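Reader: I have the sequence and the coordinates open, and I'd like to go through the labels one by one. Could you show me what stands behind each of them?

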Amino acid sequence: MMNRSPFVLLVTDLLGRTGTHRDETIVGAVEIELDLDKVDETHPVTVQVRLEALADEILARGNVAYSAEVECNRCLTGWIETGEAIFTQLYSKEPDEDTQPISRDGHIDLEPAIHDEVSLALPLVPLCKKDCLGLCPTCGTDLNTAPCSGHADESDSRFSALRQFLEP
Ligand SMILES: [Zn+2]
Ligand SMILES: [Zn+2]
């Protein structure tokens with residue numbers, strides 16, 4: 001399970017020492033790709049986390065600051081969107097569906113929690129502005145920058161052959 005990810009942390013100093021804690025700041029790359037959002041090594045995330053020792057478990061609570069490459073759902077303009085997500089994850093030597101494992105040699109991995117929370121924080125339907133006019137479905141003109149002159153003579157459109165083909 002364990003690799004050289006910067007989000008894999010050794011917690012042997014906390015194990016069995018209930019009530020103690022440690023703070024960490026980690027900068028590292030995660031890979032998240034949704035339809036119109038992308039976070040990758042080009043924009044490393046910054047994670048601030050507090051690790052708290054419970055009886056047999058470690059509680060990780062923190063926030064992650066990210067920058068995502070985002071594309072407008074209507075006009076396909078791209079931009080960088082920054083944001084923060086909060087995560088809470090419990091780690092146990094005997095993990096169940098709510099907890100992540102503490103490895104035998106005392107490591108935990110923050111990445112699954114970071115991945116989940118940043119994925120949820122990213123916009124599902126990004127818009128460059130609320131009233132983005134999008135692209136003309138016929139000619140592809142960006143209607144935010146230039147009004148489309150219309151397509152009265154659709155038979156001349158370079159898409160008309162395709163349309164006839166698709167529409168019986
Ligand atoms: Zn747009
Ligand atoms: Zn048009």
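Author: Sure. Read along the sequence, the pattern is β-β-β-β-β-β-β-β-β-α-α, which comes to two helices and nine strands. Keep in mind that this is a predicted model.

Reader: How do you know how confident the predictor is, and where is confidence lowest and highest?

Author: The mean pLDDT of the protein is 90, and 89% of its residues reach 70 or more. Confidence is highest in β5, at 98, and lowest in helix α2 (residues 160–166), at a mean of 59.

Reader: Let's take β5, then. What makes β5 and β2 a pair?

Author: Two strands pair if there are at least two bridges between them. Strand β2 (residues 21–28) and β5 have eight bridges and run antiparallel, so they count as paired. One of the partnerships is Ile26 with Val47 in β5.

Reader: And what joins β5 to β6?

Author: A hairpin, through three residues. The two strands pair in the antiparallel sense over eight bridges, and Ala53 has Ile58 as its bridge partner in β6.

Reader: Glu52 is in that strand too. Why is Glu52 called partly exposed?

Author: Glu52 lies in strand β5. Buried takes 20 or more other C-beta atoms within 10 Å, and exposed takes 12 or fewer. Glu52 has 16, so the label is partly exposed. Leaving aside neighbours within four places in sequence, Glu52 is in contact with His21 and Leu59. Arg17 is 35 residues away from Glu52 in sequence, with 9.3 Å from C-alpha to C-alpha.

Reader: How do β6 and β7 pair, and what lies between them?

Author: They pair in the antiparallel sense over 15 bridges, among them the one between Glu57 and its partner Ser92 in β7. The two strands form a hairpin with six residues between them.

Reader: What makes Leu76 worth a look in that loop?

Author: Its phi. Most residues other than glycine have a negative phi. Leu76 is not a glycine, yet its phi is positive, about 70°. Leu76 sits in the loop between β6 and β7.

Reader: Is Leu76 buried, exposed or partly exposed, and how do you know?

Author: There are 13 other C-beta atoms within 10 Å of Leu76. Exposed stops at 12 and buried starts at 20, so Leu76 is partly exposed.

Reader: Which way does β8 run against β7?

Author: Parallel: β7 and strand β8 (residues 99–101) pair over three bridges. The partner of Tyr91 in β8 is Gln100.

Reader: On to the helix. How do you know that the buried residues of α1 line one face?

Author: The buried residues of α1 (residues 111–121) are Ala113, Ile114, Glu117 and Val118. Seen down the axis, they fall within an arc of 115°, so they line one face of the helix. As background, an α-helix has 3.6 residues a turn, so residues three or four places apart point the same way.

Reader: What is on the face turned away, and what covers the buried side?

Author: The face turned away carries the exposed residues Pro112 and Leu120. The cover over the buried residues of α1 includes β3 (32–33), β4 (37–39), β5 (45–53), β6 (57–71) and β7 (78–92).

Reader: Which residues touch the most other members of the largest nonpolar core?

Author: Of its 25 residues, those are Ala60, Val64, Leu110, Ile114 and Val118. β5, β6, β7 and α1 each supply at least two residues of this core, and β6 gives the most, with six. Leu110 touches Phe7, Leu9, Val47, Val49 and Ala60, not counting residues up to four places away in sequence.

Reader: Why is Pro147 called exposed?

Author: The cut-off for exposed is 12 or fewer other C-beta atoms within 10 Å. Pro147 has 10, so the label is exposed. Pro147 lies in the loop between α1 and α2. Leu133 is 14 residues away from Pro147 in sequence, at 9.8 Å from C-alpha to C-alpha.

Reader: Last one: how much of the whole protein is buried, and how much of the contact count is long in sequence?

Author: Buried residues make up 19% of the 168 residues. Among contacts with a separation of 6 or more, 57% are between residues 24 or more positions apart.

Notes
Residues are numbered from 1 along each chain as its sequence is written. Chains are lettered from A and ligands numbered from 1 in the order in which they are written. This is a predicted model: local features need pLDDT of at least 70, side-chain atom pairs count only at pLDDT 80 or more; totals for chains, interfaces and linings use all residues. Helices (H or I, at least four residues) and strands (E, at least two) are DSSP runs, numbered from the N terminus. Two residues are in contact if their C-beta atoms, placed from the backbone, lie within 7 Å. The arc is that of the directions from the helix axis to the C-beta atoms. pLDDT is the predictor's confidence in each residue, from 0 to 100. A nonpolar core is a set of buried Ala, Val, Leu, Ile, Met, Phe, Trp, Tyr and Cys residues joined through C-beta atoms within 7 Å.
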